[in-house]
Amino acid sequence: MCIRDRSNNALSSICGIYITRAQKENVTLQEINFRKNKFDNDFAFEFSEVLKTNNVLWKVDLTHNPIGPEGAQAIVRGLREQNDSLESLGDLDKNASMGCLLYTSP
């Protein structure tokens, strides 16, 4: 198992986008911690594209990031389109807009 911790770094959304783009070709990284960064909707839109094709990641912690409702919706779409490996996005109660959308989306 390969785990990467990028938590508590105050990384900007653009940094998260570059890290996320690298995950499109990922075949080994199974868990990544993005907790407590500054990832917003722009990051979420890019990350949702990775979720459509990456079937290796099984745990991603997005807790305490300013992802809004539009970004949360994009992540939900990415999960629904192809992804069946991801089991956790962290403690979504700490991301009010994400928690509401992910728990109530049909």
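Start by selecting Phe43: this residue is buried, with a relative accessible area of 0%. Keep in mind as you go that you're looking at a predicted model.

Now add Phe34, Phe39 and Phe47 to your selection. Together with Phe43, they form one aromatic cluster. The structure holds four aromatic pairs, and two of them are worth a stop here. Show the rings of Phe34 and Phe39: their centres sit 5.1 Å apart and their planes meet at 80°, so this pair is edge-to-face. Then swing over to Phe39 and Phe43. Here the ring centres are 4.4 Å apart and the planes are at 25°, so the pair counts as stacked.

How buried are the two partners you just met? Phe34 counts as buried at 1% relative accessibility, and Phe39 is buried too, with a relative accessible area of 0%.

Next, click on Thr20, which you'll find in helix H1. Is Thr20 buried or exposed? With a relative accessibility of 1%, Thr20 counts as buried. Which residues does Thr20 touch, leaving aside its neighbours within four places in sequence? Light up Phe43, Glu46, Phe47 and Val50, and you have its contacts. Two of those names should ring a bell: Phe43 and Phe47 belong to the aromatic cluster from the start of the tour.

Stay with H1 and select the whole helix, residues 13–23. Its buried residues are Ser13, Gly16, Ile17, Thr20 and Gln23. They cover an arc of only 110° around the axis, which puts them on the same side of H1. What lies over them? Part of the cover comes from strand S2 (29–33) and helix H2 (41–53), so colour those two elements next.

Time for a change of scene: jump to His64, in the loop between strand S3 (59–61) and helix H3 (69–81). His64 is partly exposed, with a relative accessible area of 33%. Now pick Gly90 as well and draw a line between the two C-alpha atoms. His64 and Gly90 are 26 residues apart in sequence, and that line spans 9.3 Å.

For the last stop, colour the chain by pLDDT. The mean for the protein chain is 79, with 80% of its residues reaching 70 or more. Where is confidence highest, and where is it lowest? The top spot goes to H2, at 90, while helix H4 (residues 96–104) comes lowest, at a mean of 51. Where pLDDT is low, the predicted coordinates should not be read in detail.

Terms used: Residues numbered from 1 in each chain as written. Predicted model: local features only at pLDDT ≥ 70, side-chain atom pairs only at ≥ 80, totals over all residues. Heavy atoms only, no water. Buried < 20%, exposed > 50% of the residue type's maximum accessible area, 1.4 Å probe, protein only. Helix = DSSP H or I, 4+ residues; strand = E, 2+ residues; numbered from the N terminus. Arc of directions from axis to C-beta. Contact = heavy atoms within 4.5 Å. pLDDT = per-residue confidence, 0-100. Phe/Tyr/Trp six-rings, centres within 6.5 Å; stacked < 30°, edge-to-face > 60°.
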